[in-house]
Protein chains: 2
Amino acid sequence: MVLTDTTFRKLQDIVGNAYCSRKKEDLVCYAYDATAASYLPDAVLFPGNTQEISAIINLANEDDFSVIPRGSGSGMTGGSLAVQGGVILVMSRFNRILEIDKDNLIAHAEPGVVTARFHQAVEKEGLFYPPDPSSSEFSTLGGNLAECAGGPRAVKYGVTRDYVLGLEAVLPTGEIIHVGVRTAKGVVGYDLTRLLVGSEGTLGIITRITVRLLPLPEAIRAMTAVFDSLEKAAETVSEIIAQGIIPRTLEFMDNASIRCVESHLKMDLPVEAGALLLIEVDGKFEEVDILIKQLETVCISQGAKHIKFAETKSEIANLWKARKAISPALFQYGPDKINEDIVVPRSRIPDMVRRIDALKEKTGLTMVSFGHAGDGNIHFNIMLDKKNQDDLKKAEAAIDALFEPRRSVLPNLN
Amino acid sequence: MVLTDTTFRKLQDIVGNAYCSRKKEDLVCYAYDATAASYLPDAVLFPGNTQEISAIINLANEDDFSVIPRGSGSGMTGGSLAVQGGVILVMSRFNRILEIDKDNLIAHAEPGVVTARFHQAVEKEGLFYPPDPSSSEFSTLGGNLAECAGGPRAVKYGVTRDYVLGLEAVLPTGEIIHVGVRTAKGVVGYDLTRLLVGSEGTLGIITRITVRLLPLPEAIRAMTAVFDSLEKAAETVSEIIAQGIIPRTLEFMDNASIRCVESHLKMDLPVEAGALLLIEVDGKFEEVDILIKQLETVCISQGAKHIKFAETKSEIANLWKARKAISPALFQYGPDKINEDIVVPRSRIPDMVRRIDALKEKTGLTMVSFGHAGDGNIHFNIMLDKKNQDDLKKAEAAIDALFEPRRSVLPNLN
């Protein structure tokens, strides 16, 4: 499939000359995402409204070219890459927060709004939009919806899908649809809203979003707990959940993550520690005080070596600076990364950690684990130089071994 | 379509003679649901496992008959009625709670489990399954999923869809599928789980359910607030939400509902009151005390005439007895009911109440409103004798007028 000059001129007619390009220097800027892969598109478009997108899709059906919607290109699944060529639809002009409705705890926004900007806007009104993927400083609402993004707060608040009430989208037929509701409740008909969420642009291009909001929690408190081993930290996570405590976030970093961040940021982290838990609670003032004490008790009883509390906004922000630095800082361990986003039942995190430790020992490769322990979600990374064929083979075998199903990990219910 | 003797014998072979019938006296028992409609099926089957259901569906495709799954037949949408004849699949033998996994806050159950029984079982383990439709004493989990049931607690906890993690289902092709996850988090692939939830049996027959649970809240407190007018009560609801307070339940009853329950139950309800709000909060002990005081302040500032607190389990149960009695007690106003389940943006409840008041005055009909004010969900009823053609016409015109769209009620965002 090649985009002909005639087709390109038709695209120019739809969005205007200023909003489309097929210059190499422009195409290169939209060939990447957060995977290592890169595919040069045939053209890049910046549509200004839903009708233009509908017209582009109609033309794509007539002239037979691919259309790939793109937020900030920070995805980890290749969803915004022109793998088979085609036209990249950059959604950056869909950047309006249309309404924040305080009385009804809902908001309407366009998909190109950067998530952190949306957080700030609703928080200014005393409201709260929980989904907070680690990329929120640059990723967009539309991208978050397309990927059904999670993030550290998912342990208490759920993922993006749990906040989407309604959508406007352009179907692969060019048809513009409105699905879902703009009320607090809505259960009539097939749930097309949540079918579109997480569909990575394959079922439609999201052009307008209605989300529900919560009242902003009155207080947040945070703590870190240091453990001798990752296994002990993992067992602590299971114990916290088993005791019925649901923190706002419950993150872990293994020794390799801690060392990595420390050498990068010099924050005085405990580089000898086997693992570190970063725990946040939120709610009413009285509630968070009780919760943080309960958490301290659990951590001590599970053998935590050192516990530190963060109360001020800047202390808490500092902790998150460490946590969010892991991913970019990892490359000091090697030029290439093989990373997997693993979810296990929360109670089986210790088993998974044991399996990772065994693989590390067996292969001698640099493996780094961190992530959302609270919902059983582990970000697992092997850092290596892929030019070293021997290491690459070992790493691939390790990944295969990691995912090998065992009855003990995935119990059969029958 | 008539079910032939040959086909019936094949059905007998699949489920066993003891578990299928086409005797009139059996068919009549499964011809009804909670609508006034009634359709006699051609046969009624009580399948014992998923494989049997798959075999029944395969036979239905070969021999061309309809299959209608049925929980307790308490639905309000006709979803379990054999409108065009066919075979009713009664799911009552799918009645096992398979596992309550305290460590991971999930449970596995079969669809025929009565919801209240499921509540009791998880609460015994210190866990909480929030969806609580008013029918929960007799409706089943499978029926709740098929209808995406709500209930009073939806204002804080959301509806059934928000708790379903994974499903086993039999497709219209006879194929048995497993969708979703059994982990806390799962965002990979199209969200077929939530597409099945709310699909009323049209996309598949649910045969196994995995739900997420919460820790059981430490404390519940309840209060009632009496207002001169329904409008004042409705404005109070808006004010509560606007202040960022999310109660566990936030129900209202209008004067007609109060009178109706009082004459039915003799509970010493304020029969002169324009409206009554029934509000519950839950959480940690300290939290509920603060919340209930905040609610008292809001209600008084909005002109509540009388406020009463319920603290013990039996006091709270008594309040719910009144609320749940409304629907059955309504028939003292007339032999027939036309009821609508309306959702409006929460802040527009006062507008909706004004519209209902105007219709009541105009038509002179008996209209009763009550329901989940907290999420803008009003159960609206006209009680009448349908044999009175004049009243019936007036009622139908009133319903049309009620739903007539107005820009002021459904604001256009563009």
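This is a guided tour of a structure with chains A and B, moving from the whole assembly to single side chains.

The model is predicted, so local features are given only where pLDDT is at least 70 and side-chain atom pairs only at pLDDT 80 or more, while totals for chains, interfaces and linings use all residues. Residues are numbered from 1 along each chain as its sequence is written, chains are lettered from A in the order in which they are written, and side-chain values use heavy atoms, with hydrogens and water left out.

**Stop one: both chains**

Begin by colouring the two chains separately. Two copies of a chain are related by a rotation about an axis and a shift along it. Here a rotation of 180 degrees, with 0.0 Å of shift along its axis, superposes chain A on chain B with an RMSD of 0.0 Å, where the fit is by least squares on the C-alpha atoms of residues with pLDDT of at least 70 in both copies. That is the relation of a two-fold axis. Of the interface residues of chain A, 100% are also interface residues in chain B, so the copies meet through the same surface.

**Stop two: helix H4 of chain B**

Next, select residues 115-124 of chain B, which form helix H4; helices (H or I, at least four residues) and strands (E, at least two) are DSSP runs, numbered from the N terminus. Which residues of this helix are buried? They are B:Thr115, B:Ala116, B:Phe118, B:His119 and B:Val122, where buried means under 20% relative accessible area, exposed over 50% and partly exposed in between, with a 1.4 Å probe and protein chains only. These buried residues cover an arc of only 155 degrees around the axis, which puts them on the same side of H4(B); the arc is that of the directions from the helix axis to the C-beta atoms.

Turn to the face away from the buried side, and you will find the exposed residues B:Gln120 and B:Lys124. Back on the buried side, the covering elements of chain B include strand S5 (97-101), strand S6 (106-109), strand S7 (127-128), helix H5 (141-147) and strand S10 (205-212), with contact meaning heavy atoms within 4.5 Å. Just after H4(B), look for B:Gly126, which takes a positive phi of about 80 degrees.

**Stop three: salt bridges in chain A**

Side chains of opposite charge can pair when their charged atoms come close. A salt bridge is a side-chain nitrogen of Lys or Arg within 4 Å of a carboxyl oxygen of Asp or Glu, and the count comes to 39 over all chains.

Select A:Lys10 and A:Asp63, whose side chains meet in a salt bridge at 3.1 Å, N to O. The pair links distant parts of the chain, with A:Lys10 in helix H1 (residues 5-15) and A:Asp63 in helix H3 (residues 50-63), 53 residues apart.

Then select A:Glu251 and A:Arg323, which meet in a salt bridge at 2.6 Å, N to O. Here A:Glu251 lies in strand S13 (residues 249-254) and A:Arg323 in helix H11 (residues 313-329), 72 residues apart. A:Glu251 is buried, with a relative accessible area of 1%, and A:Arg323 also counts as buried at 4%. Finally, select A:Lys156, A:Arg248, A:Glu280 and A:Asp282, which salt bridges with shared partners join into one network.
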